[in-house]
Amino acid sequence: MRTILTLLAICALSGGNTYSPNKELLDCASQILYMDQHAYELPKNYRRNIPPGKNTTVYIGINVNRVSAVDENREEITLDVFLQVSWEERRLSTPPGMPFIDLPWEFRQLIWTPDLYIWQLQTMRILSVLQEMASLRIYANRTVSVSIGATITIKCEMDFVLYPLDVQNCAIDFSSYKYTAEDVRFEWREVAPWRGVSGEQRHQFRLPKYVVTFVTDKSNHIRNFGEGEHSAARLQIKLSRELRSYLLESYLPSALFVIISWGSFCVIPEIVPGRMVLLVTTLLSLVTMFDTVRYTNSPDALELKCIEVWLISCTLFVFFALLEYFVVLFGIRYDKSWSRRRQDMRRAASSAQLAPPIHINHTQRLSTPVPGSPQGSVFSPQISVEDEGLKQQFSHQTIQRDSPILDAIPSNEHPKGFCGRVGALMDRGIMFCGAQHGTLDRYALMVFPICFVLFTIAYWTTYLSEAHRVLNK
């Protein structure tokens, strides 16, 4: 009865239309069971639901033929692979004198096969031309080998915070869904590597954006789920991004925009249209580049990406250059309000130098009544400290055009209170910024390049070290 059921199952899997135990059934069975004039029959006590033995070792071998695609938005990798699964089956044997025997692919339903589960697998499609690329072979040493050619899509958790210096590590686990580690263990077995057209072994695959490397992890991995611990064989996929295109498309142009903005420090501040157009055009170019990179040419991330930090920093450098020009323009405008007062101060200084000195007896002045004054009041002329300071200042130095505030404030007068000192300091700073010979521009032309160089060194040192740490993880 068992033999009839076996033949019925074989005929059903092979596409037979007749299932009665007659000559047609025997013909159907002979098409499958007879290989090279040798009959192969399963043992009568064979149970396909029972593993070959306790602690059975299943060996996994994989050859990657091609990396078809890497979808960053969906976080998926598509591969064309040749997968080989083998295990020792003492209950099966080959005919005498034959090193191995090939069985039809449908015959796998009649023997025990491991319930292979690929954890990160999304889809799997067996390749086929005239028939499916799959084989089932039994060797003389009682080893069963299953080989298939398939296109698989793997789900890979990606982190793009270091984009475009990111290195993606994807772990693919091959394990059993039903059998625990006590029943079935999974290990890697080296297979003949796939070689390219030139005959060289392929260690990695170069894509337009990535360099993809495959490494088999020889350590024993355990997956905990269901009713216990499950053994797993792990394949590590590392995706290192090609940085050359990003250097040419984003980093180099943005750095050049920042350097061009420094040219505004060499333009005379009074030429407002030329300097303003240079800074505003550079700023808008960087903003446009940032929007293109963030929303079009880069994947999404929960934090600011590495390239976004660079572009934002370059935009801030140009913005600070524009802000420096606003300060210079405000200083020049503030400086012009002192022009009339400087002219009056010069005339007062000239008059003070040409007039003869006046000697006044202060004791006599304070005690002499003024004729015609009510109640014999005493004459007491008021001479302000500011006028005395100006006279003393003009007698020793001349007024400078580029720093008038230093001449306007007397040297012997000190502002009282915190607000007074802050106000005087702000006046000095504004007049310094509005100096006609461009003192602030000269300092900015030195400070801005130094700050940008220091930022560039800190940026690349930090992110390259982090990318190297992720790569070696």
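A salt bridge here is a side-chain nitrogen of Lys or Arg within 4 Å of a carboxyl oxygen of Asp or Glu. Keep that cut-off handy for the tour, and remember that you are looking at a predicted model.

**Stop one: helix H11**

Select Glu466 and Arg469. Their closest N and O atoms are 2.4 Å apart, which makes the pair a salt bridge under that 4 Å cut-off. Both residues belong to helix H11, 3 residues apart, or about one turn of the helix. In general, an α-helix has 3.6 residues a turn, so residues three or four places apart point the same way. Glu466 is partly exposed, because its relative accessibility is 30%. Arg469 is partly exposed too, with a relative accessible area of 44%.

Now grow the selection to residues 439-471, the whole of H11. How far apart are the end C-alpha atoms of this helix? They sit 48 Å apart, and that agrees with the span the 33 residues should have at 1.5 Å a residue, also 48 Å. Colour the buried residues of H11 next: among them are Phe448, Phe452, Tyr459, Trp460 and Tyr463. Thr439, Leu440 and Asp441 are on the buried list as well, and so are Ala467 and Val470.

**Stop two: strand S3 and its partners**

Jump to residues 56-71, which make up strand S3. Show strand S4 (residues 76-88) alongside; S3 and S4 run antiparallel, with 12 bridges joining them. To check the register, pick Gly61, which stands opposite Gln84 in S4. The two strands form a hairpin with 4 residues between them. Click Glu75 in that turn and look at the backbone: phi is positive there, about 55°.

S3 has another neighbour to show, strand S11 (residues 184-188). Which way do S3 and S11 pair, parallel or antiparallel? The sense is parallel, over 5 bridges. Val58 is a good place to zoom in, as its bridge partner in S11 is Phe186.

**Stop three: more charged pairs**

Go to Glu88, the residue that closes S4 (residues 76-88). Its side chain meets that of Arg90 in a salt bridge, 2.6 Å from N to O. Arg90 counts as exposed because its relative accessibility is 54%, while Glu88, at 37%, counts as partly exposed.

Then select Asp173 and Arg234, another salt bridge, with the closest N and O atoms 2.7 Å apart. This pair links distant parts of the chain: Asp173 is in strand S10 (residues 167-176) and Arg234 is in strand S14 (residues 228-241), 61 residues apart. Are these two buried or exposed? Asp173 counts as buried, at 1% relative accessibility. Arg234 is buried as well, with a relative accessible area of 19%, and the cut-off for buried is under 20%.

**Last stop: zoom out**

Reset the view and switch to cartoon. You should find 11 helices and 14 strands in the protein. A search of the whole structure turns up 17 salt bridges. Colour by accessibility, and buried residues come to 38% of the 473 in the protein. Turn on the surface and you have about 28,200 Å² of accessible area, 58% of which belongs to carbon and sulfur atoms. If you draw a contact map, look away from the diagonal: of the contacts with a separation of 6 or more, 74% come from residues 24 or more positions apart.

Terms used:
Residues are numbered from 1 along each chain as its sequence is written. This is a predicted model: local features need pLDDT of at least 70, side-chain atom pairs count only at pLDDT 80 or more; totals for chains, interfaces and linings use all residues. Side-chain values use heavy atoms; hydrogens and water are left out. The expected span of a helix is 1.5 Å times one less than its number of residues. Buried means under 20% relative accessible area, exposed over 50%, partly exposed in between (1.4 Å probe, protein chains only). Two strands pair if DSSP finds at least two bridges between them. Contact means heavy atoms within 4.5 Å. Accessible areas come from the Shrake-Rupley method with a 1.4 Å probe; for residues, only the protein chains shown count as cover.
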